[in-house]
Amino acid sequence: DKNLVPFFIHELGMYPPGTHVRLQNGEIGVVTRKGHQASAPIVHALLAPGGAPLSFPIQRDTSKTLFAIREALYPSPADFRFSIQPLSGKEATL
């Protein structure tokens with residue numbers, strides 16, 4: 001129902017938690033929560049621009065130009081395993 005779309009975007013943002021994205025700086029990360037703007041969520045970077053895994057996830061604010069989302073990645077190109085729970089908190093287990 002097209003009338004429900006604005007409500008979903010308001011609650012989840014344009015990129016729902018769990019979505020893999022490529023940032024403007026080339027990093028690949030996963031959306032962990034909605035930001036202040038629907039189009040600018042909080043992302044935890046997992047892969048460096050060259051594709052090497054980062055030592056630990058780095059929180060990125062995609063409202064900043066350098067960390068803006070370049071593209072959503074479907075299906076996820078990430079051939080690595082990680083748990084979203086430490087990044088998103090207990091809500092990730094619901």
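**Notebook: strands, salt bridges and a bare helix**

I began in the middle of the sheet: β3 and β4 pair in the antiparallel sense, and I count five bridges between them. This is a predicted model, so I keep that in mind throughout. One pairing I looked up here is Ile-42, which stands opposite Asp-61 in β4. The hairpin of β3 and β4 has five residues between the strands, and Gly-51 in it takes a positive phi near 100°.

**Overall layout**

I stepped back to get the order of elements. The protein chain has two helices and five strands, and from the N terminus they run α-β-β-β-β-β-α. Of its 94 residues, 32% count as buried. I also looked up the accessible surface: about 6,200 Å², with 57% of that belonging to carbon and sulfur atoms. For contacts with a separation of 6 or more, 41% come from residues 24 or more positions apart.

**Other side of β3**

Next I went to β2. Six bridges join β2 (residues 28–37) to β3 (residues 40–47), and the two run antiparallel. The hairpin from β2 to β3 passes through two residues. Gly-29 stands opposite Ala-45 in β3, and Val-30 has His-44 as its bridge partner there.

How many of the residues of β3 are buried? Eight of the eight, so the strand is largely enclosed by the rest of the structure.

I stayed on His-44, which sits in strand β3. Its relative accessible area is 9%, under the 20% cut-off, so His-44 goes down as buried. What does the side chain of His-44 make a polar contact with? I found the side chain of Thr-32, at 3.1 Å.

**β1 and its turn**

Then the β1 end. Strand β1 (residues 20–23) runs antiparallel to β2, joined by three bridges. Arg-22 stands opposite Ile-28 in β2. Four residues lie between the strands in the hairpin of β1 and β2, and Gly-26 there has a positive phi near 95°.

**Salt bridges**

I looked for salt bridges and the structure holds two.

The first one I checked is Arg-22 with Glu-71, where the closest N and O atoms are 2.9 Å apart. Arg-22 is in strand β1 and Glu-71 in strand β5, so the pair ties together parts that are 49 residues apart in sequence. Buried or exposed? Neither end falls in those classes: Arg-22 has 22% relative accessibility and counts as partly exposed, and Glu-71 is partly exposed as well, at 33%.

The other is Glu-27 with Arg-60, with closest N and O atoms 2.8 Å apart. This pair also links distant parts of the chain, 33 residues apart: Glu-27 is in the loop between β1 and β2, and Arg-60 is in strand β4. Both Glu-27 and Arg-60 are buried.

**Loop between β4 and β5**

Where does Leu-66 lie? I placed Leu-66 in the loop between β4 (53–61) and β5 (69–72). With a relative accessible area of 52%, against a cut-off of over 50%, Leu-66 is exposed. Leaving aside neighbours within four places in sequence, I see Leu-66 in contact with Gln-24 and Asn-25. I also checked Leu-66 against Gly-26: they are 40 residues apart along the chain, and their C-alpha atoms are separated by 9.4 Å.

**α1**

Last, the N-terminal helix. How many of the eight residues of α1 are buried? The count is zero, and the helix is hardly covered. Gly-13 follows α1 and has a positive phi, near 85°.

Which residues form the nonpolar patch on the surface? I noted Leu-4, Phe-7, Phe-8 and Leu-12, with about 420 Å² of accessible area together. Phe-7 has its place in α1 (residues 5–12). At 58% relative accessibility, Phe-7 counts as exposed. A general point I jotted beside this: an α-helix has 3.6 residues a turn, so residues three or four places apart point the same way.

Note on methods
Residues numbered from 1 in each chain as written. Predicted model: local features only at pLDDT ≥ 70, side-chain atom pairs only at ≥ 80, totals over all residues. Heavy atoms only, no water. Patch = residues over 30% accessible without salt bridge, like charges linked within 9 Å, V, L, I, M, F, W, Y side chains within 5 Å. Areas by Shrake-Rupley, 256 points an atom, 1.4 Å probe, with all protein chains shown as cover. Salt bridge = Lys/Arg side-chain N within 4 Å of Asp/Glu carboxyl O. Buried < 20%, exposed > 50% of the residue type's maximum accessible area, 1.4 Å probe, protein only. Pairing = 2+ DSSP bridges. Contact = heavy atoms within 4.5 Å. Polar contact = N/O pair within 3.5 Å; in protein donor to acceptor, adjacent residues only side chain to side chain.
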